[in-house]
Structure formats: C-alpha cells, structure tokens
Amino acid sequence: MPTPDRVHRQDFAGSTSKVTRTPQGGLRLDAAITRVGVLTYTDTAGKTWREYKPADEVFRPDSLATLEGAPVTELHPEKLVDGANWKSVSVGHLIGAPRRDGDFVVAPVAVQDAGTAGRVEAHELHDVSAGYTCRVDWTAGVTPDGEPYDA
C-alpha cells in the first residue's frame, strides 16, 4: 500500500493511573501514551491493514525524547498540535521523561484545564492515545511472537 514518506497515526495505548490534584486545581497522572505491537488501521475507504511497532523503534532514546514536554489534548484535534493551534487545543503537557513500562511508554502528565480534569476524575476520560508522524515500511512480515502484519 503506497503512502507518503511520513504519515500521521493515532494509537490507543492504555489508560491513566496515579491521578492526583495539584494545588492549582489541575491533575497530575501517569499515562500510557503509546505501545509496541501490531496495530490495526483503517483508511477512509474502509480498507484495513496491520502495522508492527517493534520495541527497538518505540523505545529508541531519540523517539522517547520527542515526547518530553509534548502537549496533551482532549481527544484528537483535526491536525497535529503546533504553534498555530496549541493554545486552542492543549489542556496540559507531559511533565517528565517518558519511560518504558513493559510494552508501554508511560509518562507523567499535567492536565491544567478544569473541565478536562473533572472528566478524568469522573472516569469519563480514561484512555490515552498518541498522535504522531512516522515513516512506514510497507514490507509484510511476522513478529517474533508469530503475529502477522502488513507493514
């Protein structure tokens, strides 16, 4: 499946934990923001494919470094966060270095928006998903665990 050199991805990773209120009324929490493994994607025409995200790519130090201080949004905005839309879509940011926790990248997060913080505490918002750009190698294969993938 041919695609542009770099593509945009949104991956459900995991959930939040260690949620605490800050003196300023925000939240601090740990969030599983991305993970390794085979993920399924669907295009606008309904075609699906499976992409493998190996640990040696996900946990590369230069890859993890791109997450430090990254903005946090409620749900995914229409495009990646940049200087032009940051103020209108950001509800917080990562406040420390991301780390490996099994197959997940976990990072400490600050949520400053009162409405979002309330929805997290009410368990209305609990899943975390990273938005990012990446290069895709469209070579099919099988993971070391025997799971087939398309790219």
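**Note on strands, loops and a pocket in a predicted model**

1. In this predicted model, Leu 94 has Val 109 of β8 as its bridge partner. The strands concerned are β6 and β8, the latter spanning residues 104-111, and they pair in the antiparallel sense over three bridges.

2. Strand β6 also has a pairing with β5, to which it is joined by three bridges, the two strands again running antiparallel. Within that pairing, the bridge partner of Thr 73 is Ser 90 of β6. As for its surroundings, β6 covers residues 90-94, and four of its five residues are buried, so the strand is largely enclosed by the rest of the structure.

3. A second antiparallel arrangement involves strand β3, residues 37-42, which six bridges join to β4; here Thr 40 stands opposite Arg 50 of β4. The two strands form a hairpin with five residues between them, and Gly 46, which lies in the turn, has a positive phi of about 90°.

4. Which side chains of β4 point to the buried face, and which to the other? Along this strand, residues 48-53, the side chains alternate: Trp 49, Glu 51 and Lys 53 point to one face and are buried, whereas Thr 48, Arg 50 and Tyr 52 point to the other face and are not buried. A reader checking this part of the model may note that the buried set includes Glu 51 and Lys 53, and that Arg 50, the residue opposite Thr 40, belongs to the set that is not buried.

5. Two loop residues deserve a look for their backbone angles. Most residues other than glycine have a negative phi. Leu 75, however, has a positive phi near 65°; this residue is placed in the loop between β5 (71-73) and α3 (86-89), and it counts as exposed because its relative accessibility is 64%, where the cut-off for exposed is over 50%.

6. His 123 likewise has a positive phi, near 65°, and its place is in the loop between α4 (114-121) and β9 (127-134). Is His 123 buried or exposed? With a relative accessible area of 61%, His 123 is exposed.

7. The second largest pocket holds about 180 Å³ of space. Its lining consists of Val 36, Gly 37, Val 38, Tyr 52, Pro 54, Ala 55, Asp 103, Thr 143, Pro 144, Asp 145 and Glu 147, which by class gives six nonpolar, two polar and three charged residues. Tyr 52 of β4, one of the side chains that are not buried, is among these lining residues.

Notes. Residues numbered from 1 in each chain as written. Predicted model: local features only at pLDDT ≥ 70, side-chain atom pairs only at ≥ 80, totals over all residues. Heavy atoms only, no water. Buried < 20%, exposed > 50% of the residue type's maximum accessible area, 1.4 Å probe, protein only. Pairing = 2+ DSSP bridges. 1 Å grid on protein atoms, 1.4 Å probe; cavity = no way out; pocket = protein on both sides within 12 Å on 5 of 7 lines; lining within 4 Å. Points joined across faces, edges and corners; volume = space filled by probe spheres on them. Nonpolar A, V, L, I, M, F, W, Y, C, P; charged D, E, K, R; others polar.
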